[in-house]
Amino acid sequence: MGTPQYVEYAATMNTDGAKIDNVTAFIHYLIDKDLKVTPLKTLQGLIWAKGYTAGQLKGHVYEDVPVTFQSWREAGLIIAVYSSGSVAAQKLIFGHSIAGNLLPHISAHFDTHVGHKQQEESYTNIAKALNVPPEEVLFLTDVVGEAAAARAAGMQSVILQRPGNAPLTADQTASHKIADNFLQLRLSKTP
């Protein structure tokens, strides 16, 4: 399979200590390639911290999220977030959202430290960390490959078709549960 290009690029950096220009170029490379690598997402979280804590940034959440999080928590459901964004970034987004602090509703956060989002093993790792059988987990996503990986791990999945999301093919809508928002999901805790 070979060495990924970004690893080869990093290896060419000055061995006496990377110069700012080299580091900046490498970061731009990762961003340009839309590589969801853990170090880049960690750096992103550190940069965002200043803006969120200063009140200059607010995390976007859809209107249905706060009320649904509240009802799910009242029903005894565990809410966990799995994102390619770092755990630190997730906590900033949900702690400083346009709807206020949503962190009290969230029991766990996962990022690419558990694995990549389109790999079955990542979802197995999450179920183990939550100490819940995979079949009792409902994974919500807007990415078909993520839904497929979660299902391969034994989880239930629903693809959210929010405004601005990539359109789904007829095959995808036929083979996956689809919802437009959280309010369409009637969830309850299994005994």
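Which side chain meets that of R162 in a salt bridge? In this predicted model, the partner is D64, with a distance of 2.8 Å from N to O. The two residues belong to distant parts of the chain, 98 residues apart: D64 is in helix α4 (residues 64-74), whereas R162 is in the loop between β4 (156-160) and α8 (170-175). Buried here means a relative accessible area under 20%. R162, at 8%, is therefore buried, and D64, at 7%, counts as buried too.

Side chains of opposite charge can pair when their charged atoms come close. The count of salt bridges in the model comes to two. Besides the pair of R162 and D64, the side chains of E146 and K117 meet at 3.4 Å, N to O. Because E146 lies in helix α7 and K117 in the loop between β2 and α6, this pair ties together parts that are 29 residues apart in sequence. E146 has a relative accessibility of 8% and counts as buried; K117, at 16%, also counts as buried.

The loop that holds K117 leads to α6, a helix formed by residues 120-130. Its buried residues are S122, Y123, I126, A127 and L130. Seen down the axis of α6, these residues fall within an arc of 135 degrees, so they line one face of the helix. The face turned away from this buried side carries the exposed residues E121, K128 and A129.

Against what do the buried residues of α6 pack? They pack against the strands β1 (80-82), β2 (108-110) and β3 (138-141), and against the helix α7 (144-152). After α6 comes N131, whose phi is positive, near 60 degrees.

How values were computed: Residues are numbered from 1 along each chain as its sequence is written. This is a predicted model: local features need pLDDT of at least 70, side-chain atom pairs count only at pLDDT 80 or more; totals for chains, interfaces and linings use all residues. Side-chain values use heavy atoms; hydrogens and water are left out. Buried means under 20% relative accessible area, exposed over 50%, partly exposed in between (1.4 Å probe, protein chains only). Helices (H or I, at least four residues) and strands (E, at least two) are DSSP runs, numbered from the N terminus. The arc is that of the directions from the helix axis to the C-beta atoms. Contact means heavy atoms within 4.5 Å. A salt bridge is a side-chain nitrogen of Lys or Arg within 4 Å of a carboxyl oxygen of Asp or Glu.
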